[in-house]
Amino acid sequence: MANFWENKALSELTQSEWEQLCDGCAKCCLHKVEDEDTGIIYATNVICQYLDVENGQCGQYSERSTLVPECVTLNNDNLEQVYFMPTTCSYRLLAKGKPLPEWHPLISHNKESVHESGNSVRDKVISELEADDLMHHLTGEWE
Ligand code: SF4
Ligand code: SF4
């Protein structure tokens, strides 16, 4: 039997299936900076204060939109926002007709594989509570 993410469109997923698709990378919780002259967006190594970096989970999941207005809560009603997610984001991959990577927990059956493969923010970020000017924390162009 085919896996649910292979035989359903994103818009057809149940809430539970939608949640399972998130790999826990937390790259979407990184601060980004836009160059006003060029429109180019740069990633930083500064992460939202509410992220539990060890497990990649939001510590304020139910309150996140209120606490962090710019936090994008991706769902079926704003799928166009998927292109603001990182290139490895499961929702973005599936929206583009690409398969999930081998390190995705749904493929590996191991929640740690996203971290062990270096595809999460673990060990690479500092909290926004500790960071100074974001311009000092640029890590490259946001793809
Ligand atoms: S970038 Fe996508 S897969 Fe990674 S944590 Fe955010 S929503 Fe989940
Ligand atoms: S509020 Fe939660 S989901 Fe939103 S950016 Fe912060 S840690 Fe990530």
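Two strands pair if DSSP finds at least two bridges between them. Strand S1 (residues 30–34) and strand S2 satisfy this rule, for four bridges join them, and they run antiparallel. The model described here is predicted. Its chain holds six helices and six strands, and the sections below proceed from the overall fold to single residues.

**Overall fold**

- Read along the sequence, the helices and strands of the chain follow the pattern α-α-β-β-β-β-α-α-α-α-β-β.
- A compact globule of 143 residues would have a radius of gyration near 15 Å; the chain has 15 Å, and therefore agrees with that expectation.
- Taken along the principal axes, the box filled by the C-alpha atoms measures roughly 50 × 30 × 30 Å.
- Of the 143 residues of the chain, 19% count as buried.
- Among contacts between residues at least 6 apart in sequence, 57% join residues at least 24 apart.

**The hairpin of S1 and S2**

- Strands S1 and S2 form a hairpin, with six residues between them.
- Within this pairing, Val33 stands opposite Tyr42 in S2.
- Gly39, in the turn of the hairpin, has a positive phi of about 80°.

**The nonpolar core**

- In soluble globular proteins, nonpolar side chains tend to be buried together.
- The largest nonpolar core of this model has 19 residues, of which Ala26, Cys29, Leu30, Ile47, Leu51, Val121 and Val125 touch the most other members.
- Strand S2 (41–47) and helix H4 (90–95) are the elements that give two or more residues to this core.
- Leaving aside its neighbours within four places in sequence, Cys29 is in contact with Ile47, Cys48 and Leu51.

**Surroundings of the ligands**

- Around ligand 1 there are 13 residues, and Cys22, Asp23, Cys25, Cys28 and Cys89 come nearest.
- By class, the shell of ligand 1 consists of nine nonpolar, two polar and two charged residues.
- Ligand 2 is surrounded by Cys29, Cys48, Tyr50, Leu51, Cys58, Gln60, Arg64, Leu67, Val68 and Cys71.
- The shell of ligand 2 has eight nonpolar residues, one polar residue and one charged residue.
- Cys29 thus appears in two settings: it is a member of the largest nonpolar core, and it is among the residues that surround ligand 2.

**Residues with positive phi**

- Most residues other than glycine have a negative phi.
- His109 has a positive phi of about 60° although it is not a glycine.
- His109 lies in the loop between helix H5 (105–108) and helix H6 (113–116).
- His109 counts as exposed because it has 8 C-beta neighbours inside 10 Å, where the limit for an exposed residue is 12 or fewer.
- Asp123, likewise not a glycine, has a positive phi of about 70°.
- The position of Asp123 is in the loop between H6 and strand S5 (126–127).
- Asp123 is exposed because 9 other C-beta atoms lie within 10 Å.

**Ile107 and its surroundings**

- Ile107 is found in helix H5.
- With 15 C-beta neighbours inside 10 Å, Ile107 counts as partly exposed, since a buried residue requires 20 or more and an exposed residue 12 or fewer.
- Apart from its neighbours within four places in sequence, Ile107 is in contact with Leu100 and Glu102.
- Ile107 and Asn3 are 104 residues apart along the chain, and their C-alpha atoms are separated by 9.9 Å.

Note on methods: Residues numbered from 1 in each chain as written. Chains lettered and ligands numbered in written order. Near = placed C-beta within 6 Å. Nonpolar A, V, L, I, M, F, W, Y, C, P; charged D, E, K, R; others polar. Core = buried A, V, L, I, M, F, W, Y, C linked by C-beta atoms within 7 Å. Contact = placed C-beta atoms within 7 Å. Rg over C-alpha atoms; globule rule 2.2 N^0.38 Å.
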